[in-house]
Amino acid sequence: MTSTDPAPASPGRLRARRARIDTYQQAVVYMHRDCAVCRAEGFEAQAQVEVVVNGTVVPAILHRVEGDWLAHDEAALSEAAWELLGLEGGEDVVVRHASPIESLRFLRAKVYGAKLDYASMHALIEDISRGRVSDLHLAAFVTACSGGRLDLGETVALTRAMVDVGERIRWPMAPVMDKHCVGGLPGNRTTLIVVPIVAACGVVMPKTSSRAITSPAGTADTMETLAPVTLDMATMRRVVEREGACIAWGGAARLSPADDVLIRVERPLDLDSEAQLVASVLSKKVAAGSERVLIDLPIGPTAKVRNSAAARSLAAGLIAVGTAVGLQVQVIETDGLQPVGRGIGPALEAVDAMAVLQRAADAPLDLRQRALVLAGTVLEMAGRAAAGTGLALATKTLDSGLALAKFLAICQAQGGLREPPRAAHTAPVTAAIAGRVGAIDNRRLARAAKLAGAPHDAAAGAVIHVRLGDTVGAGQPLFTLHAQTPGELSYALSYVQAQPPIVGVDPA
């Protein structure tokens with residue numbers, strides 16, 4: 001052994017190695033199938049194990065490796081496991097069988113149709129939030145709770161449990177306002193406009209938002225192109241005390257931590273779980289210290305909520321569960337037939353929001369009007385404006401420049417304003433024939449923006465040039481794709497040629 005060779009691991013231990021494999025939130029450990037520890041412990045593939053380094057224990061899933069890329073005395077760790085253990089490389093690692101998870105008996109009970117009370121939900125959600133529950137068991141839980149299998153009492157119990165296993169912010173001022181959009185509508189980035197309008201009127205609105213999971217941009221992704229959003233609790237408090245509002249990423253403050261874990265499994269399964277959506281939304285609001293919440297519910301055939309009947313059911317669940325957990329919830333149904341604004345993707349949506357705040361002549365009017373209606377409703381809910389006068393106050397606040405000034409102050413308090421990035425490559429998608437735009441598919445547009453690189457490339461996405469009912473000529477651009485690499489641009493172009501997002505260009 002030379003002086004540059006790593007020292008062998010201690011007996012019964014393995015040497016830590018960074019696999020540099022992104023497994024999202026799931027901690028994974030890789031061991032050679034012929035490794036002495038793997039053989040002695042009888043580890044099978046997909047076994048639930050615990051990885052221990054210097055007293056830190058992280059639950060993980062074991063993957064067995066063949067071939068020579070991993071030595072017999074090494075344990076390779078996924079990025080999630082590496083970060084949770086705080087490793088630098090070469091440390092001694094102990095991999096052992098996981099302790100029995102008692103809460104899984106409640107999961108099995110739910111699979112067989114039992115009702116879960118708060119204590120059962122809390123035990124299960126706590127283990128989920130700590131990463132002790134495998135993706136296989138998570139998939140079973142998500143499935144068992146889908147399709148109307150959670151009643152109101154169970155949904156309330158799930159919501160409370162999701163709040164109680166994480167951090168919770170309590171504010172000394174009142175009322176504390178919040179808003180949320182159920183989603184499914186590209187470009188609907190009203191939060192960046194609503195929050196500064198409301199805060200400029202003296203109403204407290206500490207907004208915690210999520211990053212994109214399956215969409216081209218989340219509010220946190222969009223705001224991050226303009227200012228830092230990874231704020232810890234102390235920084236959030238300081239920003240809100242100074243400016244009356246913030247626009248931060250909720251994940252940094254560990255608010256309802258089980259939610260992101262459940263969503264990670266729920267979305268690939270493509271299960272429509274109204275109860276879990278209600279618990280997801282409201283648990284984060286309670287954890288963030290909100291008291292009154294406005295829910296934006298876009299309705300459209302290619303939005304998340306497809307029709308009025310589904311909207312009424314979801315609204316009833318949000319209001320009932322909100323009341324049970326101490327939230328005043330109001331739901332507003334909005335048009336979900338087409339994207340909002342022009343940009344789809346973090347930086348492109350940020351440009352739209354800034355244009356509205358700056359009262360630019362070419363600012364998207366639909367984004368401006370939607371944000372004003374939402375802001376006006378929040379002001380009325382807060383008691384800052386009398387019923388029917390909120391829209392006028394919101395409009396006055398935006399048009400006077402007070403909302404822009406407040407937004408710039410919020411950005412400064414969060415770490416400073418910056419310019420959104422621009423994509424290196426663009427390509428227009430044009431109309432094959434002259435006609436009228438009859439339908440726009442939100443899901444296909446979102447998919448195209450993601451194939452172009454959004455949201456991991458903040459500058460990537462799409463810019464829409466037409467609206468429903470517009471008359472277009474042959475060869476006229478319908479939208480323009482933005483990408484950081486030619487390959488991603490090519491993939492996105494291939495997709496929209498096969499699955500045109502603007503599907504109703506009818507001959508004039």
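Student: Is Gln46 buried, partly exposed or exposed, and at what relative accessibility?
Tutor: In this model, which is a predicted one, Gln46 has a relative accessibility of 43% and therefore counts as partly exposed, since that class lies between the 20% limit for buried and the 50% limit for exposed.

Student: Where does Gln46 lie, and what is its phi?
Tutor: Gln46 lies in the loop that runs between helix H1 (36-41) and strand E3 (48-53), and its phi is near 70°, which is a positive value in a residue other than glycine. As background, most residues other than glycine have a negative phi.

Student: And Ser256, what is its phi, and is it buried or exposed?
Tutor: Ser256 also has a positive phi, near 45°, and with a relative accessible area of 0% it is buried, because buried means under 20%. Ser256 is found in the loop between strand E9 (245-249) and helix H10 (257-269).

Student: Switching to peptide bonds, which residues does a cis bond join?
Tutor: One cis peptide bond joins Ala174 and Pro175, with omega at about -5°, and Pro175 has its place in the loop between H6 and strand E7 (177-181). A cis peptide bond also joins Ala454 and Pro455, with omega at about 0°, and Pro455 sits in the loop between helix H17 (442-451) and strand E15 (461-464).

Student: Now helix H3, which of its residues are buried?
Tutor: In helix H3, which spans residues 104-111, the buried residues are Leu104, Phe106, Leu107 and Lys110. They cover an arc of only 155° around the axis, so they fall on the same side of H3. In general, an α-helix has 3.6 residues a turn, so residues three or four places apart point the same way.

Student: What covers those buried residues of H3?
Tutor: The cover includes helix H4 (118-129), helix H5 (135-145) and helix H6 (152-164).

Student: What phi does Gly113 take, just after H3?
Tutor: Gly113 takes a positive phi of about 95° there.

Student: Last topic, how much space lies in the second largest pocket, and which residues lie nearest its centre?
Tutor: The second largest pocket holds about 490 Å³ of space, and of the 21 residues that line it, Ala350, Val351, Asp352, Pro420 and Arg422 lie nearest its centre.

Student: Which helix gives the largest share of that lining, and how do the lining residues divide?
Tutor: Helix H13 (residues 346-357) contributes the largest share of the lining, six residues, while the lining as a whole divides into 12 nonpolar, three polar and six charged residues.

Key:
Residues are numbered from 1 along each chain as its sequence is written. This is a predicted model: local features need pLDDT of at least 70, side-chain atom pairs count only at pLDDT 80 or more; totals for chains, interfaces and linings use all residues. Side-chain values use heavy atoms; hydrogens and water are left out. Buried means under 20% relative accessible area, exposed over 50%, partly exposed in between (1.4 Å probe, protein chains only). Helices (H or I, at least four residues) and strands (E, at least two) are DSSP runs, numbered from the N terminus. The arc is that of the directions from the helix axis to the C-beta atoms. Contact means heavy atoms within 4.5 Å. On a 1 Å grid over the protein atoms alone, a cavity is a set of points where a 1.4 Å probe fits but cannot get out, and a pocket is an open set with protein on both sides within 12 Å along at least five of seven lines; lining residues have an atom within 4 Å of a point. Grid points are joined across faces, edges and corners, and a volume is the space filled by probe spheres set on the points. Ala, Val, Leu, Ile, Met, Phe, Trp, Tyr, Cys and Pro count as nonpolar, Asp, Glu, Lys and Arg as charged, and the others, Gly among them, as polar.
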